[in-house]
Amino acid sequence: MKKYIEPVAVLMILPFVSQKDRIRKSLFVGQLLAGIVLIIITMLAILVLGPELTASQNYPIYMLAKKINIGDFMTRLEAILAIIWFITIFIRFSLFFYVTVLGLAQTLKLQDYRPLIFPFGILLIAFTLIMAPNTVHYSKFISDIWPFYAMTFGFLLPLILLIITKVQKNDRCN
């Protein structure tokens, strides 16, 4: 359910891409590679940890990385995994922050989005501290509230905007 927002964010950036002829192929290859990596990691976690332990862990790939031992030379690779996670989270956060600030600037009909970066960053930090004070509260938010938010802003709103665009396009043709 939470994955509705990410494609919408990527689609918001597409009008600003300079090489428009390569967009479709790049998106397809990226999704294909991500799917293959996800399948491989899931299979490895189930094969090494077992289905019960994999299902009960929040981050089974982290436990999987702890178990890696290649000839007593490459051991405890969870630090490398944590670094990869931090880099990935930073890139995703940067993308979503950029899309949000850019969308807000377009909504407010501003010429430049840059004056919104600092105030929006301060608001984001404040809302983060309020909305996710601890892990239990965050887990409850993700399971109870986030699905409705994601469905509304990641699926229904873009669908309504698409329908409005199609209706307006049909009106212009007639």
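Tutor: Helices are DSSP runs of H or I with at least four residues, strands are runs of E with at least two, and both are numbered from the N terminus. This is a predicted model, in which local features need pLDDT of at least 70, side-chain atom pairs count only at pLDDT 80 or more, and totals for chains, interfaces and linings use all residues. Residues are numbered from 1 along each chain as its sequence is written, and side-chain values use heavy atoms, with hydrogens and water left out.

Student: How do you know how the span of H2 compares with the expected one?

Tutor: H2 covers residues 23–49, 27 residues in total, and reaches 38 Å from its first C-alpha to its last. The expected span is 1.5 Å times one less than the number of residues, and for H2 that gives 39 Å, so the 38 Å reached is close to it.

Student: What comes after H2, and what is the sign of its phi?

Tutor: Glycine 50 follows, and its phi is positive, near 95°.

Student: Which residues of H2 are buried, and what do they pack against?

Tutor: They are Ile23, Ala45 and Leu49 (buried means under 20% relative accessible area, exposed over 50%, partly exposed in between, with a 1.4 Å probe and protein chains only). Their packing partners are helix H3 (51–56) and helix H4 (60–67).

Student: Why is valine 29, in helix H2, called partly exposed?

Tutor: Its relative accessible area is 36%, and this value falls between the two cut-offs, so valine 29 counts as partly exposed.

Student: What makes glutamate 78 buried?

Tutor: Glutamate 78 lies in helix H5, and its relative accessible area of 7% is under 20%, so it is buried. Leaving aside neighbours within four places in sequence, glutamate 78 is in contact (heavy atoms within 4.5 Å) with Tyr62, Ala65 and Lys66.

Student: And arginine 76, is it buried or exposed?

Tutor: Arginine 76 sits in the loop between strand S2 (74–75) and H5. Its relative accessibility is 53%, which is over 50%, so arginine 76 counts as exposed. With the neighbours within four places again set aside, arginine 76 is in contact with Ala65, Lys66 and Ile68.

Student: Why are H5 and H6 called oblique to each other?

Tutor: The axes of H5 (residues 78–107) and H6 (residues 117–131) come within 11 Å and cross at roughly 120°. Axes are lines fitted to C-alpha atoms, for helices over the stretch in contact, with angles from 0 to 180 degrees between N-to-C directions. Angles under 35 degrees count as roughly parallel, over 145 as roughly antiparallel, 65 to 115 as roughly perpendicular and the rest as oblique; roughly 120° belongs to the rest, so the pair is oblique.

Student: Which residues make that contact?

Tutor: Phe93, Phe97, Thr100, Val101 and Leu104 come from H5, with Ile117, Phe120, Gly121 and Leu124 from H6.

Student: What makes H7 oblique to H8?

Tutor: The axes of H7 (residues 135–144) and H8 (residues 146–173) come within 4 Å and cross at roughly 45°. That angle is in none of the named ranges, so H7 is oblique to H8. Phe141, Ile142, Ser143 and Asp144 in H7 meet Trp146, Pro147 and Phe148 in H8.

Student: What is unusual about the phi of lysine 109?

Tutor: Lysine 109 has a positive phi of about 55° although it is not a glycine. Most residues other than glycine have a negative phi. Lysine 109 lies in the loop between H5 and H6, and its relative accessible area of 71% is over 50%, so lysine 109 is exposed.
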